[in-house]
Amino acid sequence: MKKILLILMTLAASLVAWAQDANNFFVSQNGNNKFTVVRKSTDKAETVRYRTVGLTAIAGVHFIPAEGEMQFAEGEVSKSVTVEEIDITTVPLIYRYQHATRRNYRFEVLDMGGFSLAYRDRYITYGSQYDAGGNHINSNIEDLVYIRHIPNSDHETEIMSALSSDKYVDVSIREDYTTIDDSYDYYYGFSGSTRTLWNEEYTDRDSIRKYFSEIGTKLYATVYFKEHEGADGYQYVQILADNSETYDGKDPDGSVNTPSISVYKACFELNTRNTVDYNRYLHQFFPHRYDYTNQAAGNQDNTHTEFPREYSVLHQQKFRDNSLRATDAGALVLDPTVQKIIVRFDANGSGEDTWSAKQIYARLALCDKQPPVLVKARVCNGFFARGSSFAVTLIFSESVRADNVVLHTSWGDLTSTQSQYVLTNAVTFTGTVSPNVAQGTQLILQGYDGEISDIVRNPLSNSVSQTFPYTTVGQSHNYPITYDLDGGMPTATNPTYYNYDTNDFTLHNPVHPTLYFAGWTGSNGDTPQRVVTIPKGSHGDLHFVANWIPTAVPGDVNGDGDVTAADVTALYNYMLNGDTSDIVNGDIDGDGYITSSDITTVYNIILGVN
């Protein structure tokens, strides 16, 4: 039983997958994009690989990928590499914004077999002028996120149907009371009737609008005001986009011709004289949300009596073209690059018609019902063999969540490096080449498990599948094994190289004409081991040194220079309790473990029996 236990303990201690000393290397960063690889031990020449791996930064878009070898001479401590980074002003908008002001990539050092030794992450900080704040987040009509936020306390807000007022941003020229007076109802506009509701032209917001336009997001706008009419008549409201100089004229009583300048035009009528409070202001918003069927240009022939207030009628509403249709919720769909939204009022009908409006504003929201699209996939540079590390970056049309996603490939599964707190349109997955993949196997993306969606949970619209025909699994690198026998002689030939695929092998122990072999040190550590086994899956250069006991006498297991009864006691205690405190070398017969035959040998030495 003790013999079996000893064998298991010895093998368990030796069957450890070894690697080149990763602790010997580290990467420092100075000058932002300058990386210095430093060695702690410099007693030998050494060659390593280096490469860049895109994380949220995209190789070829935010930085120029770097790859190569570093050859350290004996005594050489460090080498440096500078990675070229691309000026943000030349980066397309779609690759500029995300849920942060910075993007990052990794500078990685690997051994010659492609196994990571050290790395340093580099964060490219672009500053607040390239941050969309919360505005990069796309939304739908049920959960709106805004281009611009004005506190609700600055405005009198009205709840619109099932949508609470805090779902919109109110952009307003706040006026408590604006009188619009057209006493004779002729076909002309009148001064004071044009109200500019949305006008932001400073550079960064303009870029953000272009970004939203590129990813397919739309601006939803609802013009809203309170209104009072002193006599029956027809009122007209026009909404213009980026055009404050001209507008469409009035139409015949109650009619609306398809506008050519305005993006939207409507005719409505109020009769506030029938209300209990003659001076009551009624709440109006355009486009009219209850008109679901007649949205397109040229399709507004019916009179609509379902205007949402008791004493009002919407006669007609028309859009300039089909691209400007309203949503079911009554919002006008515009491209987010629009710089100005202007509302203009007119009146028409017989006799005098004086009416007034106040608290005119537009409710604006960025609305996203477009699912994200996988634009492309990229694999990092490098040498790829079984067991080596690799990374795949998926690039999407907009920022996505993919922090718990597992990417399936023909080389094995990869896991996402994305933080759940930083959404980006570049998500990197890392892992290692499976040990069971055949040499020459192409890298193929084979789908994923988990959720890939934009911020409002629109799921990815296309599949994650791609073949990289020129990225294949190569032959595993052969690592050298060197030995220092320190005056000893080999009993059998030990291998001088191995690779990741080599099956388990155990070193043959040397002998010495006058000294006793205490064990190997070096790549297996500083404690001598007589049984050293290199398991399959190890990697890195190996070096072993033979250790001898120069004063040992056969049978002197406790190392006191003589063979006494204490040596038998030490061996006996080990057999009973595993106590090695008094044992220097108890394997007298050299069979690899301590047994009763070793005790017998020592006992015979003490008795003088050969």
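This passage walks through some strands, buried residues and ring contacts of a predicted model.

Let's begin with the strands near the start of the chain. Strand β1 covers residues 25-30, and six bridges tie it to β2, with the two strands running antiparallel. One of the matched pairs here is Val-27 with Val-37 of β2. The two strands make a hairpin with three residues between them, and in that hairpin Gly-31 takes a positive phi near 70°. On top of that, β2 pairs with strand β5 (residues 78-82), again antiparallel, this time through five bridges. Here Thr-36 has Ser-80 as its bridge partner in β5. How much of β2 is buried? Five of the six residues in this strand (residues 34-39) are buried, so β2 is largely enclosed by the rest of the structure. As a bit of background, strands of a sheet pair through backbone hydrogen bonds, and they can do so in a parallel or an antiparallel way.

For a parallel example, it helps to jump further along the chain. There, five strands build an open sheet in the order β27-β26-β32-β29-β30, and the pairing is mixed. The edges of this sheet are β27 (497-498) and β30 (525-529), each of which pairs on one side only. Within the sheet, β26 (residues 479-484) and β32 (residues 542-549) run parallel and share four bridges. Tyr-483 is matched with Phe-544 of β32.

Next come two buried polar residues. Thr-56 sits in the loop that links β3 (46-54) to β4 (67-72). Is Thr-56 buried or exposed? Its relative accessible area is 14%, so Thr-56 counts as buried, the cut-off being under 20%. The Thr-56 side chain makes a polar contact of 2.6 Å with the side chain of Asn-104. Leaving out neighbours within four places in sequence, Thr-56 also touches several other residues, including His-62, Gln-98, Arg-102 and Arg-103, as well as Thr-424 and Ala-426 from much further along the numbering.

Glu-108 belongs to strand β6 (residues 102-110). With a relative accessibility of 8%, Glu-108 is buried too. Which side chain does Glu-108 meet in a polar contact? The partner is Ser-116, and the two side chains come to 3.0 Å. Setting aside neighbours within four places in sequence, the contacts of Glu-108 include Arg-49, Tyr-50, Arg-51 and Val-53, along with Ala-118, Tyr-119 and Ser-389.

Some of these names turn up again among the aromatic rings. The model has 18 aromatic pairs. Tyr-50, a contact of Glu-108, is part of one aromatic cluster together with Phe-35, Phe-63, Tyr-105 and Phe-107. In general, a pair of aromatic rings is described by how far apart the centres are and by the angle of the planes. Rings also have charged company in this model. Arg-102, a contact of Thr-56, lies over the face of Tyr-123, at 4.1 Å from the ring centre. Likewise, Arg-106 lies over the face of Tyr-119, at 4.0 Å from the ring centre.

Finally, there are the cysteines. How many disulfides does the whole structure hold? The search finds zero. As a reminder, a disulfide is a covalent bond between the sulfur atoms of two cysteines. Cys-267 is buried, with a relative accessibility of 0%. Cys-380 is buried as well, at 10%.

Terms used
Residues are numbered from 1 along each chain as its sequence is written. This is a predicted model: local features need pLDDT of at least 70, side-chain atom pairs count only at pLDDT 80 or more; totals for chains, interfaces and linings use all residues. Side-chain values use heavy atoms; hydrogens and water are left out. Rings of Phe, Tyr and Trp (its six-membered ring) pair if their centres lie within 6.5 Å; planes under 30 degrees apart count as stacked, over 60 as edge-to-face and the rest as tilted. A charge sits over a ring if NZ of Lys or CZ of Arg is within 6 Å of the ring centre and within 35 degrees of the ring normal. Buried means under 20% relative accessible area, exposed over 50%, partly exposed in between (1.4 Å probe, protein chains only). A polar contact is a pair of N or O atoms within 3.5 Å; within protein, one must be able to donate a hydrogen and the other to accept it, and residues adjacent in sequence count only if both atoms are side-chain atoms. Contact means heavy atoms within 4.5 Å. Two strands pair if DSSP finds at least two bridges between them. A disulfide is a pair of cysteine sulfur atoms within 2.5 Å.
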